[in-house]
Amino acid sequence: MPDGLPHELTPPFEFSLAYAEPGRVLEFGDSHLVYPYKSVTKLFSAWATLVAVEQSYVDLDDEVAIGADGERIVTLRHLLAHASGLSFGSDTLEAEPEEKRIYSNRGIEMAASHVEKATGTEFARWTEEAVLEPLGLIETLIDGSAAHAGEGSIRDLLVFARELLKPSLISAELADEARSTVFPGLRGLTPGFGSYSDNTWGLGLEIKNQKVRTWFPRGVSADTFGHFGQSGSFLWVEPQTGRTAAFLGSQPFGAWHKKHWQNLGDYFLETY
């Protein structure tokens with residue numbers, strides 16, 4: 001356990017932080033303290049959806065009716081990849097499918113609803129039974145929206161990161177599909193960091209690719225993936241090296257996080 005972070009990278013609020021690579025885990029703060037995940041919840045919901053795919057309850061090419069009157073048919077893949085055209089938080093249709101990347105809480109909720117109907121199990125319970133319990137994530141709870149209602153600990157995020165790296169709940173082939181860019185070349189906005197000409201996303205997770213103005217560290221490879229949340233949370237995973245980092249805190253995402261998260265990641269990559 002290191003003594004602490006450099007002063008300029010130490011948050012001025014309560015936080016938990018971990019950096020891990022094969023053979024080493026560094027922790028700062030209480031790794032069992034529970035904080036809101038907000039949009040980091042989407043990683044768990046995406047994985048729960050992929051378990052339903054693995055078990056043949058649903059298929060990524062399943063058709064799902066969206067819009068206020070169910071007037072548009074898209075696929076489960078569109079919803080997970082933020083490529084359905086749904087707006088951020090409502091049933092409003094803002095674009096055609098695959099026209100641009102519109103980050104959509106509503107899209108993730110619609111994906112969860114599809115899984116719920118197919119499995120006959122309320123989605124929060126499905127996520128508990130399909131992901132949280134098998135991985136022993138006793139401090140993570142998702143009660144509400146599949147897009148943002150989760151909470152948990154750094155300890156649980158590190159365990160989940162290992163699942164994202166070396167999946168035990170789904171096949172390696174399905175995991176590779178989830179961690180690869182879906183519908184490449186779509187312009188889109190990532191809340192908090194702005195618009196990208198190619199906003200690369202997989203199935204429920206963001207992919208760094210060539211993004212520079214981002215929360216991902218500069219020093220990680222292009223295939224690094226993860227998610228951040230408006231609660232001031234993040235989890236990123238670099239599959240080439242097995243390096244990962246997670247952050248939770250008591251202050252919602254704001255100026256400190258936007259200024260320091262990238263530098264914080266690069267500090268670990270350069271120092272350890």
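**Chatting through strands and sheets**

Trainee: Hi! I'm starting in E5: which residue there is the bridge partner of Glu63?
Mentor: In E5, Glu63 has Thr75 as its bridge partner. Keep in mind as we go that this is a predicted model.

Trainee: Noted. How do E4 and E5 pair up, and over how many bridges?
Mentor: E4 pairs with E5, residues 72-75, in the antiparallel sense, and there are 4 bridges. Together they make a hairpin, with 5 residues between the two strands.

Trainee: What about Gly67 in that turn?
Mentor: Gly67 has a positive phi there, about 95 degrees.

Trainee: Back to E4 then. Where do its side chains point?
Mentor: They alternate along residues 63-66. Val64 and Ile66 share one face and are buried, while Glu63 and Ala65 point to the other face and are not buried.

Trainee: New topic: the sheet with E3 in it. What is the strand order?
Mentor: The order is E3-E8-E7, an open sheet of 3 strands with antiparallel pairing. E3 (35-38) and E7 (141-142) are the edge strands; each has a single partner, so one side of each has no neighbour in the sheet.

Trainee: How many bridges join E7 to E8?
Mentor: E7 and E8, which covers residues 150-152, are joined by 2 bridges and run antiparallel. As an example, Leu141 has Glu151 in E8 as its bridge partner.

Trainee: Which helix lies across those strands?
Mentor: That would be H1, residues 41-54. H1 lies across E3, E7 and E8, and runs at about 60 degrees to E3.

Trainee: And what holds paired strands together in general?
Mentor: Strands in a sheet pair through hydrogen bonds of the backbone, in a parallel or an antiparallel way.

Trainee: Okay, now the sheet of 6 strands. What order do they come in?
Mentor: Read across this open sheet and you get E2-E1-E14-E13-E12-E11, with antiparallel pairing. At the edges are E2 (24-28) and E11 (206-207), each with a single partner strand, so one side of each is left without a neighbour in the sheet.

Trainee: Which helix packs on that sheet?
Mentor: H7, residues 255-271, packs there. H7 touches E1, E2, E12, E13 and E14, and its direction makes about 145 degrees with that of E14.

Trainee: Let me look at the E11 side. What stands opposite Ile207?
Mentor: Phe225 in E12 stands opposite Ile207. E11 and E12 run antiparallel and are joined by 2 bridges.

Trainee: And at the E1 side, which residue in E2 is the bridge partner of Glu21?
Mentor: Arg24 is the partner of Glu21. E1 and E2 are joined by 5 bridges and run antiparallel. Their hairpin has 2 residues between the strands, and Gly23 takes a positive phi near 85 degrees.

Trainee: Glu21 sits in E1, right? Buried or exposed?
Mentor: Yes, Glu21 belongs to E1, residues 15-21. Its relative accessible area is 18%, and buried means under 20%, so Glu21 is buried.

Trainee: What does the Glu21 side chain make a polar contact with?
Mentor: With the side chain of Tyr19, at 2.6 Å. Leaving aside residues up to four places away in sequence, Glu21 also touches Gly242, Arg243 and Tyr272.

Trainee: Last one: how many helices and strands are in the protein?
Mentor: There are 7 helices and 14 strands. The radius of gyration is 18 Å, close to the 19 Å from the globule rule for 272 residues, so the protein is as compact as a globular protein of that length. Buried residues make up 58% of the 272.

Note on methods:
Residues numbered from 1 in each chain as written. Predicted model: local features only at pLDDT ≥ 70, side-chain atom pairs only at ≥ 80, totals over all residues. Heavy atoms only, no water. Buried < 20%, exposed > 50% of the residue type's maximum accessible area, 1.4 Å probe, protein only. Pairing = 2+ DSSP bridges. Contact = heavy atoms within 4.5 Å. Axes fitted to C-alpha atoms, helices over the stretch in contact; angles between N-to-C directions. Polar contact = N/O pair within 3.5 Å; in protein donor to acceptor, adjacent residues only side chain to side chain. Rg over C-alpha atoms; globule rule 2.2 N^0.38 Å.
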